[in-house]
Amino acid sequence: MKTALITHADCLGHVTPTGHPERVARLEHILHALEPLDLNRVTAPLAADDDILRIHPASYLSDIRDARPAEGFTQIDGDTFMSPGSVDAAFRAAGAVVRAVDMVMGGEAPNAFCAVRPPGHHAETSTAMGFCLFGNAALAAKHALDHHGLSRVAVVDFDVHHGNGTQDLLWDEPRALVITSQQMPLWPGTGRPDETGAHGNVLNLPLAPNTGGAEMRAAWRDQAFPRLRSFRPELIVISTGFDAHADDPLANLNWETEDFAWITSELCTIAREVCDGRIVSTLEGGYDLNALAAATRAHVQELMKAAQ
Ligand SMILES: [Zn+2]
């Protein structure tokens, strides 16, 4: 069986103002880089309201719908904008992760990558921020727990920014383990080691500016992977951000393409040990177009190797 690539053209309809780093060209570059790969290409459905309501209250859903501009942009926080196509894009992104979980849990795909935007890991329960509208990774976890009846789901996040939204949405969820590494100090400022979740279910791994691949690998190998193995998740969700890359303009870590391949390969190995290889990966950040495309391709190629 092939790795699933789940996306939708509506995710290109979420437009941001000129000069904004989270731009349409990101997804265009990714899709171009993945074009030659032998993937099971799947069209993302729109998420149902009931899906979104697993993680956000109805009032927030109404606020997001009401913020949709007829033309131009609505600015909903310092760096988060909506265009006329943003609501559909956000519902496709959320629908993609739901479909990915259904495929992987249903045996239709061994693993899946959701090439979607807007990203999700900064969206808190009732607060859109950091380019994010709906908490896609947390939704994947909740859907697997509540709809598929799993007992343990892990969300791992190696985006350079702290996954504050995922942490917020799963803070009081004892069936979820959240492991996230991030540059610190860096926006949004959270992600300290003493943020451990209501049930000790959150592990934060802050990394100093200029941390390179070797130190990153040590942090994940020594702290994250033992914790992940002992939790024995039945599904691993990856918040896949590529902005820890040395070329990224928004942050100062020095990971290279091979580091993203390495962490993906390691996560695939653990998934094979504990959950028959089941992984759902969803795109978060990554703002240097060439680095983003190369690292995404390396990530997906590791998923493909694991699927064989
Ligand atoms: Zn990021």
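Helix 5, which spans residues 136–146, is mostly covered, for 10 of its 11 residues are buried, where buried means under 20% relative accessible area, exposed means over 50% and partly exposed lies in between, with a 1.4 Å probe and protein chains only. The helices (H or I, at least four residues) and strands (E, at least two) named here are DSSP runs, numbered from the N terminus. This is a predicted model, in which local features need pLDDT of at least 70 and side-chain atom pairs count only at pLDDT 80 or more, while totals for chains, interfaces and linings use all residues. Residues are numbered from 1 along each chain as its sequence is written, and side-chain values use heavy atoms, with hydrogens and water left out.

Among the buried residues of helix 5 are Asn136, Lys142 and His143, as well as Leu139 and Leu145. The buried residues of this helix pack against helix 2 (49–52), helix 4, strand 6, helix 6, strand 9 and strand 10, where contact means heavy atoms within 4.5 Å.

Several of these strands belong to an open sheet of 8 strands, whose order is 2-1-5-10-9-6-7-8 and whose pairing is parallel; two strands pair if DSSP finds at least two bridges between them. The edges of the sheet are formed by strand 2 (40–43) and strand 8, each of which pairs on one side only. On average, neighbouring strands of this sheet are turned by 15° against each other, direction ignored. Helix 8 packs on the sheet, where it touches strand 6, strand 9 and strand 10 (279–283), and its direction makes about 160° with that of strand 9; for such angles, axes are lines fitted to C-alpha atoms, for helices over the stretch in contact, and the angles run from 0 to 180 degrees between N-to-C directions.

Strand 10 can be followed from both of its sides. Strand 5 (residues 111–114) pairs with strand 10 in the parallel sense over 4 bridges, and in this pairing Asn111 stands opposite Ile279. Strand 9 and strand 10 also pair in the parallel sense, over 5 bridges, with Thr282 of strand 10 as the bridge partner of Ser239. In a regular strand the side chains alternate between the two faces of the sheet. In strand 10 both faces are covered, since Ile279, Ser281 and Leu283 on one side and Val280 and Thr282 on the other are all buried.

Further along the sheet, strand 6 and strand 7 pair in the parallel sense over 5 bridges, and the bridge partner of Val153 in strand 7 is Ala176. A separate pairing has the antiparallel sense: strand 3 (residues 74–77) and strand 4 (residues 80–82) are joined by 3 bridges, and a hairpin of 2 residues connects strand 3 to strand 4.

The largest nonpolar core has 98 residues, and those with the most contacts inside it are Ile6 and Trp220; such a core is a set of buried Ala, Val, Leu, Ile, Met, Phe, Trp, Tyr and Cys residues joined through side-chain atoms within 4.5 Å. Helix 4 (residues 86–105) gives the most to this core, with 12 residues. Leaving aside its neighbours within four places in sequence, Trp220 is in contact with residues including Val156, Phe158, Ile179, Leu205, Trp255 and Trp262.

The model also holds a zinc ion, whose protein donors are Asp159 (OD), Asp159 (OD), His161 (ND1) and Asp243 (OD), lying 2.0 to 2.8 Å from the ion. Donors are N, O and S atoms within 2.8 Å of the metal (3.2 Å for Na, K and Ca), and water is not among the atoms, so sites may look incomplete. With angles of 51 to 155° among its 4 donor atoms, the site is irregular, a class for anything that is neither tetrahedral (four donors, all angles between 85 and 135 degrees) nor square planar or octahedral (four or six donors respectively, with opposite donors over 155 degrees apart and all others between 65 and 115). His161 lies in the loop between strand 6 (153–157) and helix 6 (164–170) and Asp243 in the loop between strand 9 (235–240) and helix 8 (257–275), so the pair ties together parts that are 82 residues apart in sequence. Both His161 and Asp243 are buried.

Two further loop residues can be set side by side. Glu22, in the loop between strand 1 (4–7) and helix 1 (24–34), is buried, with a relative accessible area of 0%, whereas Arg192 counts as partly exposed because its relative accessibility is 40%.
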